[in-house]
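Please look over the sequence and the model below before reading on. The paragraphs that follow begin in the interior and then move outward along the chain.

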Amino acid sequence: MKLEKAIADVQSAEADLAKELRTIGERHAVEHDLYHLGHTLAKQCSDHLRLLAPFADRYGATPRDDVAESPGLLETLRHKSSELLGRSEMSGMLLLRDLRNLYLSAQEAEIAWIILAQAAQAVRDRELVQVVSLCHEEAEARGKWLRARIKESAPQVLATG
């Protein structure tokens, strides 16, 4: 795998994850932690893209900064429908499904960072290794938070809902 492909894979995974974090945060706005942390983690994905941009230029990958940060009409609609649905059995099952899918997307981004880390070490690019180490550490933390959130939500939804 060429280095520019590894960089492009990370960029794609981070951009997709940011979009999904915002979408799910809006859809489950009544879950305040999910809403706020979802937006915070989406901004973190955007920050990762900005940190990676100089290396994309250096290695011939196309820099990505296409992560929208302002809520559009669709996001506002999701937020309002979340408030109307509240916490019901149906919204609980949707929450579990969304958390599962979000976790899988977060894992895709994390493994993309691992692959890029290996490539950066192979070409002995110390600056890239530093950026990748920082971003990978944050990517791991996202996965841990999502696992914990799933463990918290599953019994509430499945045993009591």
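Which residues of the largest nonpolar core touch the most other members? In this predicted model, that core holds 36 residues, and the ones that touch the most other members are Ile7, Leu52, Trp113, Leu116 and Leu128. Helices H1 (3-27), H2 (32-59), H4 and H5 each supply at least two residues of this core, with H4 giving the most, namely 12 residues.

The wider setting is a protein chain whose secondary structure comes to five helices and zero strands, so that, by the DSSP runs on which these elements rest, the order from the N terminus on reads α-α-α-α-α. Of the 161 residues in the protein chain, 44% count as buried, and among its contacts with a separation of 6 or more, 82% are between residues 24 or more positions apart.

Confidence deserves attention before any detail is read. The mean pLDDT of the protein chain is 88, and 83% of its residues reach 70 or more; the highest confidence is found in H1, at a mean of 96, and the lowest in helix H3 (residues 73-85), at a mean of 50. Where pLDDT is low, the predicted coordinates should not be read in detail.

Two residues show how the core is put together. Leu116, once residues up to four places away in sequence are set aside, touches Leu3, Ala6, Ile7, Val10, Leu52, Leu128 and Val132. Leu3, which is found in helix H1, has a relative accessible area of 10% and is therefore buried, the cut-off being under 20%. Leaving aside its neighbours within four places in sequence, Leu3 is in contact with Tyr59, Leu116, Ala119, Ala120, Val123 and Leu128. Leu3 and Ile115 are separated by 112 residues in sequence, yet their C-alpha atoms are 9.5 Å apart in space.

Following the chain out of H1, one comes to His28, in the loop between H1 and H2. Is this loop residue, His28, buried or exposed? With a relative accessible area of 4%, His28 falls under the 20% cut-off and so counts as buried, and its side chain is joined to that of Asp98 by a polar contact of 2.6 Å.

H2 comes next, and its length can be checked by simple reasoning: at 1.5 Å a residue its 28 residues should span 40 Å, and because its end C-alpha atoms are 40 Å apart, the expectation and the model agree. H2 nevertheless has a kink of about 40 degrees at Leu52, shortly before the proline Pro54, and Leu52 is also one of the core residues that touch the most other members. After H2 comes Gly60, with a positive phi near 85 degrees.

Further on, Arg124 is found in the loop between helix H4 (89-122) and H5. Although Arg124 is not a glycine, its phi is positive, at about 55 degrees, and with a relative accessible area of 71% Arg124 lies over the 50% cut-off and is therefore exposed. The N-terminal end of H5 is capped by Asp125, a side-chain oxygen of which lies 3.2 Å from the backbone nitrogen of Glu127.

The same length check can be made on H5 (residues 126-160), whose 35 residues should span 51 Å at 1.5 Å a residue; its end C-alpha atoms are 51 Å apart, so the two values agree. Within H5, a kink of about 25 degrees lies at Ser153, shortly before the proline Pro155.

How values were computed:
Residues numbered from 1 in each chain as written. Predicted model: local features only at pLDDT ≥ 70, side-chain atom pairs only at ≥ 80, totals over all residues. Heavy atoms only, no water. Helix = DSSP H or I, 4+ residues; strand = E, 2+ residues; numbered from the N terminus. Expected span 1.5 Å × (residues − 1). Bend = angle between axes of the 7 residues up to and from the residue. Polar contact = N/O pair within 3.5 Å; in protein donor to acceptor, adjacent residues only side chain to side chain. Buried < 20%, exposed > 50% of the residue type's maximum accessible area, 1.4 Å probe, protein only. Core = buried A, V, L, I, M, F, W, Y, C linked by side-chain atoms within 4.5 Å. Contact = heavy atoms within 4.5 Å. pLDDT = per-residue confidence, 0-100.
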